[in-house]
Amino acid sequence: MAVIAKNCPQYKVTVVDVSEERIARWNSDNLPIYEPGLDEVIAACRGKNLFFSTDIPRGIKDSEIIFVSVNTPTKNFGIGAGMAADLQYWEKTARQILEYSDSSKIVIEKSTFPVKTALAMKRIFSSVKNGCQFEVLSNPEFLAEGTAIKDLEEPDRVLVGSMETDSGRRARDVLVDIFANWVPRGRILTSNIWSCELSKLVSNAFLAQRISSINAISHLCEKTDADVEEVALAVGMDSRIGSRFLNASVGFGGSCFKKDILNLVYLCRFYHLNEEADYLEGIVRINEYQKERFIRNMINVMFNTLSNKRICLFGFSFKANTGDTRETPAITIARGLMGENAEIVITDPKALQNARIDLQDADPRKVSFVEDPYDAVAGSHAIAVVTEWDLYRHLDYQKIYDSMVKPAFIFDGRNILDHRRCFEIGFNVYPLGKTALSHLEN
Ligand code: UGA
(Lines give C-alpha, C1' and ligand atoms only; values in the text may rest on other atoms or scores of the structure.)
Protein backbone atom coordinates (compact mmCIF):
# COMPACT_ATOMS: atom_id res chain seq x y z
CA MET A 1 0.00 0.00 0.00
CA ALA A 2 2.91 2.31 0.72
CA VAL A 3 4.29 1.75 -2.76
CA ILE A 4 0.88 2.44 -4.30
CA ALA A 5 0.64 5.65 -2.26
CA LYS A 6 4.09 6.70 -3.38
CA ASN A 7 3.43 6.12 -7.07
CA CYS A 8 -0.15 7.42 -7.10
CA PRO A 9 -0.29 10.75 -5.27
CA GLN A 10 -3.80 11.24 -6.66
CA TYR A 11 -5.11 8.34 -4.50
CA LYS A 12 -5.66 8.36 -0.75
CA VAL A 13 -4.56 5.10 0.85
CA THR A 14 -5.69 4.11 4.35
CA VAL A 15 -4.35 0.99 6.05
CA VAL A 16 -6.53 -0.40 8.84
CA ASP A 17 -5.72 -3.15 11.30
CA VAL A 18 -7.31 -4.56 14.45
CA SER A 19 -4.03 -4.28 16.36
CA GLU A 20 -3.68 -0.91 18.09
CA GLU A 21 -0.07 -1.63 18.86
CA ARG A 22 0.79 -2.40 15.26
CA ILE A 23 -0.96 0.70 13.92
CA ALA A 24 0.79 2.84 16.56
CA ARG A 25 4.12 1.49 15.31
CA TRP A 26 3.20 2.16 11.67
CA ASN A 27 2.58 5.73 12.81
CA SER A 28 5.95 5.95 14.57
CA ASP A 29 9.60 5.74 13.55
CA ASN A 30 9.73 2.16 14.81
CA LEU A 31 7.90 0.25 12.05
CA PRO A 32 6.64 -3.22 13.01
CA ILE A 33 8.66 -4.97 10.29
CA TYR A 34 12.17 -4.63 8.96
CA GLU A 35 12.28 -4.30 5.20
CA PRO A 36 15.10 -2.49 3.35
CA GLY A 37 13.85 0.78 1.83
CA LEU A 38 10.44 0.71 3.53
CA ASP A 39 11.20 3.52 6.00
CA GLU A 40 11.93 5.93 3.16
CA VAL A 41 8.72 5.12 1.29
CA ILE A 42 6.64 5.52 4.45
CA ALA A 43 8.39 8.77 5.35
CA ALA A 44 7.64 10.17 1.90
CA CYS A 45 3.87 9.43 2.00
CA ARG A 46 2.65 9.13 5.57
CA GLY A 47 0.31 11.97 6.51
CA LYS A 48 0.06 13.05 2.86
CA ASN A 49 -1.84 10.30 1.07
CA LEU A 50 -0.99 7.31 3.29
CA PHE A 51 -2.70 6.85 6.64
CA PHE A 52 -2.73 4.13 9.30
CA SER A 53 -5.75 3.67 11.53
CA THR A 54 -7.66 1.21 13.69
CA ASP A 55 -11.01 2.67 12.62
CA ILE A 56 -12.06 -0.22 10.40
CA PRO A 57 -15.71 0.90 9.86
CA ARG A 58 -14.57 4.32 8.65
CA GLY A 59 -11.90 2.78 6.46
CA ILE A 60 -14.52 0.60 4.79
CA LYS A 61 -17.10 3.38 4.39
CA ASP A 62 -14.68 5.90 2.92
CA SER A 63 -13.03 3.62 0.35
CA GLU A 64 -14.03 2.67 -3.15
CA ILE A 65 -11.41 -0.05 -3.43
CA ILE A 66 -10.57 -2.42 -0.56
CA PHE A 67 -7.55 -4.71 -0.50
CA VAL A 68 -8.06 -7.62 1.90
CA SER A 69 -4.67 -8.68 3.26
CA VAL A 70 -5.57 -10.69 6.33
CA ASN A 71 -3.54 -13.76 7.16
CA THR A 72 -4.60 -17.19 5.95
CA PRO A 73 -2.60 -19.60 8.10
CA THR A 74 -2.75 -23.35 7.70
CA LYS A 75 -5.77 -24.76 9.50
CA ASN A 76 -4.82 -26.41 12.76
CA PHE A 77 -8.20 -27.99 13.48
CA GLY A 78 -10.97 -30.03 11.84
CA ILE A 79 -11.11 -31.16 8.23
CA GLY A 80 -7.94 -30.31 6.32
CA ALA A 81 -5.99 -29.61 9.55
CA GLY A 82 -2.30 -29.15 8.80
CA MET A 83 -2.98 -28.50 5.11
CA ALA A 84 -5.98 -26.41 4.11
CA ALA A 85 -6.05 -22.65 4.65
CA ASP A 86 -7.87 -21.25 7.64
CA LEU A 87 -10.24 -18.68 6.17
CA GLN A 88 -11.85 -17.40 9.34
CA TYR A 89 -10.13 -13.98 9.27
CA TRP A 90 -10.98 -13.51 5.68
CA GLU A 91 -14.64 -14.39 6.21
CA LYS A 92 -14.87 -12.07 9.19
CA THR A 93 -13.44 -9.28 7.05
CA ALA A 94 -15.87 -9.93 4.21
CA ARG A 95 -18.75 -9.71 6.68
CA GLN A 96 -17.40 -6.46 8.11
CA ILE A 97 -17.15 -4.98 4.63
CA LEU A 98 -20.80 -5.89 4.08
CA GLU A 99 -21.87 -4.47 7.41
CA TYR A 100 -20.22 -1.08 7.09
CA SER A 101 -20.56 -0.37 3.37
CA ASP A 102 -23.04 2.18 2.20
CA SER A 103 -21.77 2.34 -1.38
CA SER A 104 -20.52 -0.10 -4.01
CA LYS A 105 -16.94 -1.38 -3.68
CA ILE A 106 -14.27 -3.26 -5.49
CA VAL A 107 -12.94 -5.89 -3.06
CA ILE A 108 -9.53 -7.32 -3.86
CA GLU A 109 -8.11 -10.58 -2.57
CA LYS A 110 -4.53 -9.72 -1.75
CA SER A 111 -3.77 -12.50 0.71
CA THR A 112 -2.87 -15.85 -0.82
CA PHE A 113 -6.05 -17.86 -0.94
CA PRO A 114 -6.84 -21.33 -2.14
CA VAL A 115 -8.56 -21.53 -5.49
CA LYS A 116 -12.29 -20.71 -5.57
CA THR A 117 -12.14 -18.46 -2.52
CA ALA A 118 -13.47 -15.59 -4.59
CA LEU A 119 -16.61 -17.57 -5.23
CA ALA A 120 -17.29 -17.94 -1.52
CA MET A 121 -16.52 -14.26 -1.08
CA LYS A 122 -18.92 -13.31 -3.83
CA ARG A 123 -21.63 -15.43 -2.19
CA ILE A 124 -21.22 -13.59 1.10
CA PHE A 125 -21.48 -10.27 -0.67
CA SER A 126 -24.63 -11.20 -2.55
CA SER A 127 -26.33 -12.61 0.54
CA VAL A 128 -27.54 -9.22 1.71
CA LYS A 129 -29.34 -6.75 -0.55
CA ASN A 130 -28.45 -3.29 0.59
CA GLY A 131 -28.30 -1.80 -2.86
CA CYS A 132 -24.49 -1.92 -2.99
CA GLN A 133 -22.63 -3.92 -5.59
CA PHE A 134 -19.41 -5.73 -4.73
CA GLU A 135 -17.01 -6.82 -7.38
CA VAL A 136 -14.38 -9.33 -6.23
CA LEU A 137 -10.95 -9.31 -7.89
CA SER A 138 -7.85 -11.37 -7.25
CA ASN A 139 -4.48 -9.60 -7.20
CA PRO A 140 -1.91 -11.94 -5.70
CA GLU A 141 1.35 -10.57 -4.36
CA PHE A 142 4.66 -11.82 -5.69
CA LEU A 143 7.08 -9.78 -3.59
CA ALA A 144 9.70 -11.60 -1.56
CA GLU A 145 10.74 -10.44 1.90
CA GLY A 146 14.01 -8.58 2.02
CA THR A 147 13.53 -7.28 -1.52
CA ALA A 148 9.89 -6.21 -1.16
CA ILE A 149 10.25 -2.58 -2.20
CA LYS A 150 12.29 -3.39 -5.28
CA ASP A 151 9.92 -6.22 -6.22
CA LEU A 152 6.98 -3.85 -5.94
CA GLU A 153 8.64 -0.98 -7.80
CA GLU A 154 9.83 -3.20 -10.65
CA PRO A 155 7.66 -6.32 -10.68
CA ASP A 156 8.24 -9.05 -13.27
CA ARG A 157 4.47 -9.06 -13.61
CA VAL A 158 1.31 -7.93 -11.88
CA LEU A 159 -1.67 -10.26 -12.03
CA VAL A 160 -5.26 -9.12 -11.92
CA GLY A 161 -8.07 -11.66 -12.11
CA SER A 162 -11.77 -10.97 -12.36
CA MET A 163 -15.07 -12.61 -13.12
CA GLU A 164 -15.61 -12.68 -16.87
CA THR A 165 -18.61 -10.37 -16.73
CA ASP A 166 -18.93 -6.76 -17.89
CA SER A 167 -18.87 -5.41 -14.34
CA GLY A 168 -15.99 -7.77 -13.49
CA ARG A 169 -13.95 -6.51 -16.41
CA ARG A 170 -14.73 -2.89 -15.56
CA ALA A 171 -13.49 -3.41 -12.00
CA ARG A 172 -10.37 -5.12 -13.35
CA ASP A 173 -9.62 -2.06 -15.50
CA VAL A 174 -9.82 0.19 -12.45
CA LEU A 175 -7.12 -1.85 -10.71
CA VAL A 176 -4.99 -2.12 -13.85
CA ASP A 177 -5.06 1.68 -14.12
CA ILE A 178 -3.65 1.99 -10.59
CA PHE A 179 -0.65 -0.22 -11.38
CA ALA A 180 -0.17 1.45 -14.77
CA ASN A 181 0.98 4.53 -12.86
CA TRP A 182 4.39 2.87 -12.58
CA VAL A 183 4.30 -0.62 -14.10
CA PRO A 184 4.58 -0.95 -17.91
CA ARG A 185 1.23 -2.15 -19.24
CA GLY A 186 2.87 -5.16 -20.90
CA ARG A 187 3.70 -6.50 -17.46
CA ILE A 188 0.15 -6.27 -16.16
CA LEU A 189 -1.60 -9.55 -16.91
CA THR A 190 -5.33 -9.98 -16.69
CA SER A 191 -7.01 -13.34 -16.46
CA ASN A 192 -10.03 -15.15 -15.14
CA ILE A 193 -10.12 -15.14 -11.39
CA TRP A 194 -9.48 -18.87 -10.94
CA SER A 195 -6.33 -18.84 -13.09
CA CYS A 196 -5.19 -15.86 -11.08
CA GLU A 197 -5.67 -17.53 -7.69
CA LEU A 198 -4.05 -20.73 -8.91
CA SER A 199 -1.08 -18.96 -10.52
CA LYS A 200 0.00 -17.62 -7.16
CA LEU A 201 0.13 -21.05 -5.52
CA VAL A 202 1.79 -22.60 -8.57
CA SER A 203 4.47 -19.89 -8.74
CA ASN A 204 5.48 -20.62 -5.17
CA ALA A 205 5.38 -24.38 -5.76
CA PHE A 206 7.68 -24.03 -8.78
CA LEU A 207 10.13 -21.84 -6.88
CA ALA A 208 10.19 -24.18 -3.90
CA GLN A 209 10.52 -27.16 -6.21
CA ARG A 210 13.78 -25.75 -7.58
CA ILE A 211 15.20 -25.49 -4.08
CA SER A 212 14.08 -29.00 -3.16
CA SER A 213 15.58 -30.33 -6.40
CA ILE A 214 18.96 -28.72 -5.83
CA ASN A 215 18.88 -29.74 -2.15
CA ALA A 216 18.29 -33.37 -3.16
CA ILE A 217 21.25 -33.10 -5.53
CA SER A 218 23.39 -31.55 -2.76
CA HIS A 219 23.31 -34.85 -0.89
CA LEU A 220 24.33 -36.77 -3.99
CA CYS A 221 27.19 -34.31 -4.54
CA GLU A 222 28.52 -35.00 -1.05
CA LYS A 223 28.58 -38.72 -1.83
CA THR A 224 30.23 -38.35 -5.23
CA ASP A 225 32.76 -35.54 -4.66
CA ALA A 226 30.84 -33.34 -7.05
CA ASP A 227 30.32 -29.72 -6.05
CA VAL A 228 26.71 -28.56 -5.95
CA GLU A 229 27.62 -24.98 -6.85
CA GLU A 230 29.43 -26.16 -9.97
CA VAL A 231 26.48 -28.35 -10.86
CA ALA A 232 23.99 -25.50 -10.27
CA LEU A 233 26.08 -23.18 -12.42
CA ALA A 234 26.22 -25.66 -15.27
CA VAL A 235 22.54 -26.50 -15.06
CA GLY A 236 21.42 -22.89 -14.61
CA MET A 237 23.26 -21.65 -17.70
CA ASP A 238 20.74 -23.51 -19.79
CA SER A 239 18.49 -20.57 -20.58
CA ARG A 240 15.47 -22.86 -20.43
CA ILE A 241 16.28 -23.50 -16.78
CA GLY A 242 17.83 -20.21 -15.62
CA SER A 243 20.27 -19.59 -12.81
CA ARG A 244 18.18 -18.18 -9.97
CA PHE A 245 16.82 -20.09 -6.97
CA LEU A 246 19.36 -22.87 -7.34
CA ASN A 247 21.28 -22.21 -4.12
CA ALA A 248 21.44 -25.35 -2.03
CA SER A 249 20.47 -24.58 1.54
CA VAL A 250 19.66 -26.06 4.87
CA GLY A 251 16.05 -25.89 3.68
CA PHE A 252 13.63 -23.22 2.57
CA GLY A 253 11.56 -21.41 5.16
CA GLY A 254 9.16 -18.50 5.29
CA SER A 255 5.47 -18.13 5.72
CA CYS A 256 4.57 -18.95 2.13
CA PHE A 257 6.20 -21.91 0.41
CA LYS A 258 5.18 -24.70 2.73
CA LYS A 259 1.71 -23.31 3.32
CA ASP A 260 1.01 -22.74 -0.35
CA ILE A 261 2.27 -26.15 -1.44
CA LEU A 262 0.20 -27.87 1.24
CA ASN A 263 -2.76 -25.91 -0.03
CA LEU A 264 -2.16 -27.24 -3.52
CA VAL A 265 -1.79 -30.74 -2.12
CA TYR A 266 -5.09 -30.33 -0.31
CA LEU A 267 -6.78 -29.10 -3.47
CA CYS A 268 -5.45 -32.05 -5.46
CA ARG A 269 -6.67 -34.50 -2.84
CA PHE A 270 -10.04 -32.77 -2.78
CA TYR A 271 -10.34 -33.48 -6.50
CA HIS A 272 -8.99 -37.04 -5.99
CA LEU A 273 -5.75 -36.26 -7.82
CA ASN A 274 -3.67 -38.39 -5.50
CA GLU A 275 -0.64 -38.93 -7.72
CA GLU A 276 -0.34 -35.21 -8.28
CA ALA A 277 -0.78 -34.55 -4.57
CA ASP A 278 2.03 -37.00 -3.74
CA TYR A 279 4.29 -35.34 -6.28
CA LEU A 280 3.76 -31.88 -4.80
CA GLU A 281 4.03 -33.15 -1.25
CA GLY A 282 7.49 -34.47 -2.12
CA ILE A 283 8.71 -30.86 -2.37
CA VAL A 284 7.89 -30.34 1.30
CA ARG A 285 9.17 -33.78 2.31
CA ILE A 286 12.62 -33.21 0.84
CA ASN A 287 12.73 -29.87 2.62
CA GLU A 288 12.04 -31.47 6.00
CA TYR A 289 14.62 -34.14 5.23
CA GLN A 290 17.24 -31.53 4.35
CA LYS A 291 16.96 -29.98 7.82
CA GLU A 292 17.15 -33.39 9.53
CA ARG A 293 20.11 -34.35 7.41
CA PHE A 294 21.96 -31.20 8.47
CA ILE A 295 21.53 -32.08 12.14
CA ARG A 296 22.42 -35.73 11.61
CA ASN A 297 25.60 -34.74 9.81
CA MET A 298 26.63 -32.52 12.73
CA ILE A 299 26.15 -35.40 15.15
CA ASN A 300 28.14 -37.83 12.99
CA VAL A 301 31.01 -35.47 12.44
CA MET A 302 31.25 -34.34 16.04
CA PHE A 303 32.08 -37.84 17.25
CA ASN A 304 28.45 -38.99 17.54
CA THR A 305 27.55 -36.85 20.50
CA LEU A 306 26.53 -33.26 20.97
CA SER A 307 25.89 -33.61 24.69
CA ASN A 308 26.92 -30.43 26.50
CA LYS A 309 28.68 -29.12 23.43
CA ARG A 310 28.15 -25.47 22.65
CA ILE A 311 26.94 -24.72 19.13
CA CYS A 312 26.55 -21.24 17.74
CA LEU A 313 23.83 -20.63 15.12
CA PHE A 314 24.80 -17.89 12.69
CA GLY A 315 21.40 -16.48 11.73
CA PHE A 316 17.88 -17.33 12.75
CA SER A 317 15.63 -15.57 10.21
CA PHE A 318 14.31 -17.67 7.30
CA LYS A 319 16.47 -15.70 4.86
CA ALA A 320 18.77 -12.70 4.91
CA ASN A 321 17.55 -9.10 5.15
CA THR A 322 14.49 -9.85 7.21
CA GLY A 323 13.73 -10.38 10.89
CA ASP A 324 10.94 -12.81 9.98
CA THR A 325 11.36 -16.26 11.49
CA ARG A 326 8.16 -17.96 10.36
CA GLU A 327 8.92 -21.55 9.32
CA THR A 328 12.63 -20.79 9.48
CA PRO A 329 14.80 -23.93 9.32
CA ALA A 330 16.61 -22.43 12.33
CA ILE A 331 13.73 -23.46 14.60
CA THR A 332 13.95 -27.12 13.56
CA ILE A 333 17.72 -27.07 13.83
CA ALA A 334 17.77 -25.35 17.22
CA ARG A 335 15.23 -27.82 18.61
CA GLY A 336 17.01 -30.78 17.06
CA LEU A 337 20.33 -29.75 18.61
CA MET A 338 18.76 -29.12 22.00
CA GLY A 339 17.15 -32.57 21.71
CA GLU A 340 20.72 -33.91 21.50
CA ASN A 341 21.54 -32.06 24.72
CA ALA A 342 23.66 -29.47 23.00
CA GLU A 343 23.79 -25.95 24.34
CA ILE A 344 22.96 -23.43 21.65
CA VAL A 345 23.82 -19.78 21.22
CA ILE A 346 21.84 -17.85 18.65
CA THR A 347 23.04 -14.72 16.94
CA ASP A 348 21.22 -12.73 14.24
CA PRO A 349 21.27 -9.04 13.33
CA LYS A 350 17.47 -8.64 13.09
CA ALA A 351 15.67 -11.75 14.32
CA LEU A 352 16.67 -12.21 17.97
CA GLN A 353 13.42 -10.79 19.28
CA ASN A 354 11.40 -13.29 17.23
CA ALA A 355 13.83 -16.10 18.06
CA ARG A 356 13.21 -15.55 21.78
CA ILE A 357 9.47 -15.91 21.20
CA ASP A 358 9.88 -18.98 18.97
CA LEU A 359 11.97 -20.75 21.61
CA GLN A 360 10.30 -19.42 24.73
CA ASP A 361 9.43 -22.92 25.91
CA ALA A 362 13.07 -24.09 25.67
CA ASP A 363 15.17 -24.74 28.75
CA PRO A 364 16.94 -21.40 29.43
CA ARG A 365 20.11 -23.26 30.39
CA LYS A 366 20.24 -24.74 26.91
CA VAL A 367 19.75 -21.63 24.78
CA SER A 368 21.01 -18.06 24.77
CA PHE A 369 20.66 -15.10 22.43
CA VAL A 370 23.63 -12.88 21.75
CA GLU A 371 23.66 -9.92 19.39
CA ASP A 372 27.39 -9.71 18.72
CA PRO A 373 28.63 -12.69 16.66
CA TYR A 374 32.12 -12.66 18.24
CA ASP A 375 30.65 -12.78 21.76
CA ALA A 376 28.15 -15.42 20.67
CA VAL A 377 30.71 -17.80 19.23
CA ALA A 378 33.36 -17.56 21.97
CA GLY A 379 33.69 -20.89 23.77
CA SER A 380 31.68 -22.82 21.15
CA HIS A 381 32.61 -26.17 19.63
CA ALA A 382 30.88 -25.47 16.31
CA ILE A 383 29.28 -22.84 14.10
CA ALA A 384 26.18 -23.65 12.08
CA VAL A 385 25.46 -21.09 9.37
CA VAL A 386 21.68 -21.07 8.99
CA THR A 387 20.93 -17.70 7.36
CA GLU A 388 22.88 -16.15 4.49
CA TRP A 389 23.39 -12.72 6.11
CA ASP A 390 26.19 -10.94 4.29
CA LEU A 391 27.86 -9.96 7.55
CA TYR A 392 28.88 -13.58 8.22
CA ARG A 393 31.03 -13.58 5.08
CA HIS A 394 33.12 -10.73 6.39
CA LEU A 395 33.88 -11.70 9.99
CA ASP A 396 37.44 -12.24 11.22
CA TYR A 397 37.52 -16.04 11.25
CA GLN A 398 41.01 -16.18 12.73
CA LYS A 399 39.77 -14.25 15.73
CA ILE A 400 36.71 -16.51 15.91
CA TYR A 401 38.81 -19.66 15.66
CA ASP A 402 41.07 -18.47 18.46
CA SER A 403 38.06 -18.02 20.76
CA MET A 404 36.55 -21.48 20.14
CA VAL A 405 37.01 -24.93 21.67
CA LYS A 406 39.20 -27.21 19.50
CA PRO A 407 38.71 -29.05 17.27
CA ALA A 408 36.49 -26.30 15.90
CA PHE A 409 33.80 -27.06 13.31
CA ILE A 410 31.90 -25.05 10.74
CA PHE A 411 28.72 -26.39 9.16
CA ASP A 412 27.88 -23.99 6.39
CA GLY A 413 24.18 -24.51 5.66
CA ARG A 414 24.24 -21.71 3.08
CA ASN A 415 27.64 -22.12 1.43
CA ILE A 416 28.52 -18.48 2.03
CA LEU A 417 31.88 -18.72 3.77
CA ASP A 418 35.33 -18.99 2.23
CA HIS A 419 35.73 -22.68 3.01
CA ARG A 420 39.35 -23.02 1.92
CA ARG A 421 40.43 -20.06 4.03
CA CYS A 422 38.54 -21.34 7.10
CA PHE A 423 40.16 -24.75 6.64
CA GLU A 424 43.60 -23.14 6.48
CA ILE A 425 42.92 -21.30 9.72
CA GLY A 426 42.30 -24.67 11.34
CA PHE A 427 38.55 -25.23 11.15
CA ASN A 428 37.02 -28.52 10.05
CA VAL A 429 34.63 -27.28 7.40
CA TYR A 430 31.43 -29.01 6.29
CA PRO A 431 29.77 -27.20 3.40
CA LEU A 432 26.54 -28.33 1.75
CA GLY A 433 26.87 -30.43 -1.36
CA LYS A 434 30.68 -30.35 -1.44
CA THR A 435 33.51 -32.42 -0.13
CA ALA A 436 34.26 -31.64 3.51
CA LEU A 437 37.58 -30.00 4.39
CA SER A 438 38.67 -31.76 7.54
CA HIS A 439 41.89 -32.05 9.53
CA LEU A 440 40.50 -35.10 11.32
CA GLU A 441 41.24 -38.68 10.41
CA ASN A 442 38.30 -40.42 8.70
C1 UGA B 1 8.26 -16.18 -1.64
C2 UGA B 1 8.31 -15.95 -3.15
O3 UGA B 1 9.67 -15.86 -3.58
C4 UGA B 1 7.58 -14.67 -3.52
O5 UGA B 1 7.55 -14.51 -4.93
C6 UGA B 1 6.16 -14.77 -2.97
O7 UGA B 1 5.44 -13.58 -3.26
C8 UGA B 1 6.21 -14.97 -1.48
O9 UGA B 1 6.91 -16.18 -1.19
C10 UGA B 1 4.80 -15.04 -0.97
O11 UGA B 1 4.07 -15.96 -1.32
O12 UGA B 1 4.37 -14.11 -0.26
P13 UGA B 1 9.65 -15.24 0.47
O14 UGA B 1 9.03 -16.38 1.21
O15 UGA B 1 9.60 -13.88 1.06
O16 UGA B 1 8.98 -15.12 -1.00
O17 UGA B 1 11.20 -15.55 0.24
P18 UGA B 1 12.07 -16.32 -0.86
O19 UGA B 1 13.11 -15.40 -1.35
O20 UGA B 1 11.24 -16.99 -1.89
O21 UGA B 1 12.81 -17.43 0.02
C22 UGA B 1 12.10 -18.55 0.58
C23 UGA B 1 13.08 -19.51 1.23
O24 UGA B 1 13.84 -20.20 0.24
C25 UGA B 1 14.10 -18.84 2.14
O26 UGA B 1 14.26 -19.62 3.31
C27 UGA B 1 15.35 -18.84 1.30
O28 UGA B 1 16.53 -18.75 2.05
C29 UGA B 1 15.21 -20.15 0.56
N30 UGA B 1 16.00 -20.23 -0.69
C31 UGA B 1 15.80 -19.35 -1.70
C32 UGA B 1 16.94 -21.24 -0.83
O33 UGA B 1 17.12 -22.06 0.07
N34 UGA B 1 17.65 -21.33 -1.99
C35 UGA B 1 17.47 -20.47 -3.03
O36 UGA B 1 18.15 -20.61 -4.07
C37 UGA B 1 16.53 -19.46 -2.87
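**Group meeting: the ligand shell and a surface patch**

F270 lies in helix α11. Helices here are DSSP runs of H or I with at least four residues, numbered from the N terminus.

Some ground rules. This is a predicted model, so local features need pLDDT of at least 70 and side-chain atom pairs pLDDT 80 or more, while totals for chains, interfaces and linings use all residues. Residues are numbered from 1 along each chain as its sequence is written, and side-chain values use heavy atoms, leaving out hydrogens and water.

Back to F270. Is F270 buried or exposed? F270 is exposed (over 50% relative accessible area, 1.4 Å probe, protein chains only). Its value is 54%. F270, Y271 and L273 form a nonpolar patch on the surface. Together they have about 330 Å² of accessible area. Such a patch takes residues with over 30% relative accessible area and no salt bridge, with nonpolar side chains joined within 5 Å. A salt bridge puts a side-chain nitrogen of Lys or Arg within 4 Å of a carboxyl oxygen of Asp or Glu.

Now the ligand. There are 22 residues around the ligand, and K200, N204, S249, F318 and R414 come nearest. Being near takes a heavy atom within 4 Å.

Which backbones come up? A polar backbone atom of L143 is 2.7 Å from a ligand oxygen. For E145, that distance is also 2.7 Å. For E141, the distance is 3.2 Å. Taken alone, the ligand exposes 710 Å², and the protein buries 90% of that.

Which elements give two or more residues to the shell? They are α9 (193–224) and α11 (257–270). α9 gives the most, with four residues.

Conventions: A polar contact is a pair of N or O atoms within 3.5 Å; within protein, one must be able to donate a hydrogen and the other to accept it, and residues adjacent in sequence count only if both atoms are side-chain atoms. Accessible areas come from the Shrake-Rupley method with a 1.4 Å probe; for residues, only the protein chains shown count as cover. Patches are made of residues with over 30% relative accessible area and no salt bridge: like charges are joined within 9 Å, nonpolar side chains (Val, Leu, Ile, Met, Phe, Trp, Tyr) within 5 Å. Buried means under 20% relative accessible area, exposed over 50%, partly exposed in between (1.4 Å probe, protein chains only).
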